[in-house]
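Trainee: I should like to work through this model with you, beginning with the chain overall and moving on to particular elements. May I put my questions in turn?

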Amino acid sequence: MSGTRGTASGRGRLSTVVRSWPSVLVTVLLLALAVPAGVLIAPALSGPARSTAEPAQTPAWQLVPQHLSVPQGIDPLSTAAPVPVPAKVAARLDSVLKTDGGGTFTAVVQDAATGTVLYDRGGATNRIPASNMKLLTAVAALRGIGPEQRFSTKVVTGPAAATAGATADATRSVVLVGGGDVLLGAGDSAESKVLGHAGLATLAKQTVDSLHKAGFKGQVQVLVDDSLFTGPVLNPAWSPDDVAAGETAPLFPLALNSARFDPADTTAPRPQDSAIAAGEAFAAGLKAAGAAAGLTVAPAVVRLDGKPTADAKVLAQVQSATVSQQVDLMLQTSDNYLAETLGRMTAVAAGQPATNESAKAAVLGQLAGLGIPTDGMSAADVSGLALANQVSARQFSEVVRAITNGKDTRLRAALAGFPVAGLTGTLGDRYIDESTAEGAGLVRAKTGTLNTVIALSGYVVDADGRLLVFSFIGNGLTPGAEGNKPALDTAATALAGCGCS
C-alpha cells in the first residue's frame with residue numbers, strides 16, 4: 001500500500017483522537033500531515049488543556065497523556081506517570097516479537113526518565129543495525145558540528161585559463177568549491193526547503209554580477225575543487241551491488257539532490273561523479289546568466305589540480321540548510337549518501353581529514369563524549385549500509401534516550417527527524433492494518449532494513465503517560481527481511497497501548 005494512502009488512512013483514523021489532544025499537539029499533528037518529509041518540527045508533548053471530546057469516544061490508552069514522565073527534553077513534563085512493571089511489558093512483547101522464519105530478535109525497552117530497563121532480550125549482544133546506524137551519525141553531527149551550522153558552496157577566482165583559440169586575457173577561470181553541501185539544487189536557492197536550499201542558478205547569477213562589476217567580458221572556464229573530502233570515494237565495506245542499485249555513490253563534498261539525477265526517484269542509480277555533475281549544472285547556470293553580460297562559458301568542466309590559491313577572491317557564495325534540518329531529512333528518508341556526508345563533516349569539524357575512517361572515528365568519539373557506552377561497538381560505515389557494523393539494542397536505546405531527554409539539549413533537534421507511524425518518512429506506509437493501527441501517530445522511530453536485517457529504534461508514550469525508549473533488531477532473518485516489519489510494528493504498538501503499571 002502506498003505512503004499516500006497510508007497517510008490518508010492515518011488522518012481519518014486519528015481525527016477523533018485529535019479533538020481530545022492538547023492544542024499544541026494538534027498543531028504538531030497537522031504540521032506532520034501537511035509538511036513534506038524532512039521538514040517536520042519536533043514533537044512537543046504538552047500538559048493539560050480543555051477537551052471537547054467525550055471520554056467514551058476514544059479509548060483511554062489512545063489519548064495523549066496530560067502528565068508526562070520526563071524531567072527535560074519534551075517539555076513540559078512531570079514524573080507523575082507510573083513506571084511500567086517489567087513483567088507486564090514482557091508479557092506484551094514476548095507474544096508478538098517473533099520472526100517470520102529464521103533468525104532472532106534482540107530488544108531493549110527503557111524508561112526514558114530514569115534509564116530503568118523494562119525489557120531486555122539479548123540487549124547487550126552486538127547486531128548488524130542497518131540504517132539505525134544513522135541515529136549515531138545524527139547525534140554525532142549535532143554535537144560535533146552544531147544544529148545551526150550551515151555548509152558553504154563558494155565560487156572563487158581561479159588560475160589563468162588557457163583554452164584552444166583563446167588568449168589568457170580573454171579567458172578567466174572560476175572555481176566551484178565544495179564545502180559539504182550535497183543537497184544543492186540546480187535552480188534558484190529555495191530557502192524554505194532543505195533539498196535545494198542552496199541553488200546553483202543563484203550562485204551563477206552572483207558570479208556573473210561579480211565578474212561584470214570587475215569589468216570582465218570573455219570566456220569563463222569552470223573548475224571544480226572537491227578536495228575537502230580525501231581518501232577513497234567509496235567505502236570498501238559496501239557491496240558493489242548496492243552502489244550499482246543507487247543505495248549510495250562515490251562521495252564528494254558537493255552534489256545535486258544528495259547525488260541523485262532526479263530527487264523524486266530514490267531507487268535509480270546515482271551519478272558516479274557528483275562533483276563534476278554539480279560543476280556542469282553550475283556552468284549551465286553561468287551560461288544562461290552571463291549571456292547578457294558578454295560572458296561565454298567553456299564547454300568542459302575540469303577538476304582543479306590542487307586547491308585555489310590563498311589570495312583567491314570569493315566571487316559568490318550560497319549556504320546550505322542547517323545541520324539540524326539535514327539531520328531530520330536524513331532520518332526521515334534514510335538517505336545513505338547524506339549520512340556519510342554528515343559523518344565526514346563531523347570529522348572536518350573536529351579538525352580531522354574527511355575520510356571514511358575519520359568519519360567513523362568522529363561518530364564513535366562523539367558518542368563516547370556523550371557518555372554512551374561504545375564497548376564492543378564497531379563501525380564499518382556511518383550510514384548502516386555495511387554488513388560489518390556491530391551495535392547493540394541497548395546502545396541504540398541509550399542514544400534515543402539521550403536525544404529525548406539527555407543533558408545535551410542540542411540533540412533535541414533530532415526529534416523532528418524520527419518518522420511518525422502511519423504518517424511520515426519511512427513509516428508513512430506502515431501502521432495501517434488492524435494489528436498496528438493503534439500505534440499510528442504515536443510511535444516515532446528510525447527504521448532499518450537490509451536483506452536479512454531489520455531494526456526499529458525510537459520512542460513512544462505509553463497508556464499511563466510514561467515516555468519509553470526502545471530498540472528492536474532482527475538478524476539472520478529469512479532473506480527479504482521486510483516480512484518481519486509487522487512484528488516490529490506490532491511490538492511498538494504494544495508499548496503505545498501498555499498500561500503496565
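**Chain, cores and helix packing**

Mentor: Let us begin with the contacts of the protein chain: among those between residues at least 6 apart in sequence, 72% join residues at least 24 apart. Please keep in mind that this is a predicted model.

Trainee: How many helices and strands are there in the protein chain, and what percentage of its residues count as buried?

Mentor: The protein chain holds twelve helices and 15 strands. Its accessible surface comes to about 18,900 Å², and carbon and sulfur atoms account for 54% of that area. Of its 501 residues, the share that counts as buried is 57%.

Trainee: Which helix gives the largest share of the largest nonpolar core?

Mentor: That core has 87 residues, and those with the most contacts inside it are Leu-136, Val-174, Phe-282, Leu-286 and Val-327. The largest share, eight residues, comes from residues 133-144, which form helix α4.

Trainee: With which residues is Phe-282 in contact, leaving aside its neighbours within four places in sequence?

Mentor: Phe-282 is one of the residues with the most contacts inside the largest nonpolar core. Another core, of 33 residues, lies apart from that one and includes Leu-93, Phe-105, Leu-456 and Phe-470. With sequence neighbours within four places left aside, the contacts of Phe-282 are Val-155, Val-174, Leu-176, Leu-200, Leu-203, Ala-204, Thr-207 and Val-222.

Trainee: At what angle do α4 and helix α9 pack?

Mentor: From α4, Lys-134, Thr-137, Ala-140, Ala-141 and Gly-144 meet Asn-336, Ala-339, Leu-342, Gly-343, Thr-346 and Ala-349 of α9. By class, this contact has five nonpolar, five polar and one charged residues. The crossing of the two helices, α4 and α9, is left-handed. Their axes are 9 Å apart, and the packing angle is about 35°.

Trainee: What is the handedness of the crossing in which α3 passes α12?

Mentor: Helix α3 (residues 86-94) and helix α12 (residues 485-496) pack at an angle of about 150°, with 9 Å between their axes. Val-89, Arg-92 and Leu-93 of α3 make the contact with Ala-491, Ala-494 and Leu-495 of α12. These residues divide into five nonpolar, no polar and one charged. The crossing of α3 with α12 is right-handed.

Trainee: How many of the eleven residues of helix α8 are buried?

Mentor: The buried residues of α8 are Val-323, Ser-324, Gln-326, Val-327, Asp-328, Leu-329, Met-330, Leu-331 and Gln-332. What covers them includes α4, β6, α9 and β13. After α8 comes Ser-334, with a positive phi near 55°. Of the eleven residues in α8, the number buried is nine.

Trainee: Is Ser-392 buried or exposed?

Mentor: Ser-392 has its place in strand β12. Leaving aside neighbours within four places in sequence, its contacts are Gly-123, Ala-124, Thr-125, Asn-126 and Ile-473. Because its relative accessible area is 4%, Ser-392 is classed as buried.

Trainee: How far apart in space are Ala-113 and Val-469, C-alpha to C-alpha?

Mentor: Ala-113 is found in the loop between β1 and β2. With a relative accessibility of 18%, which lies under the 20% cut-off, Ala-113 therefore counts as buried. In sequence, 356 residues separate Ala-113 from Val-469, whereas in space their C-alpha atoms are apart by 9.6 Å.

Definitions and conventions:
Residues are numbered from 1 along each chain as its sequence is written. This is a predicted model: local features need pLDDT of at least 70, side-chain atom pairs count only at pLDDT 80 or more; totals for chains, interfaces and linings use all residues. Side-chain values use heavy atoms; hydrogens and water are left out. A nonpolar core is a set of buried Ala, Val, Leu, Ile, Met, Phe, Trp, Tyr and Cys residues joined through side-chain atoms within 4.5 Å. Buried means under 20% relative accessible area, exposed over 50%, partly exposed in between (1.4 Å probe, protein chains only). Helices (H or I, at least four residues) and strands (E, at least two) are DSSP runs, numbered from the N terminus. Contact means heavy atoms within 4.5 Å. Axes are lines fitted to C-alpha atoms, for helices over the stretch in contact, and angles run from 0 to 180 degrees between N-to-C directions. A crossing is left-handed if the near helix is turned anticlockwise from the far one by less than a right angle, and right-handed if clockwise. Ala, Val, Leu, Ile, Met, Phe, Trp, Tyr, Cys and Pro count as nonpolar, Asp, Glu, Lys and Arg as charged, and the others, Gly among them, as polar. Accessible areas come from the Shrake-Rupley method with a 1.4 Å probe; for residues, only the protein chains shown count as cover.
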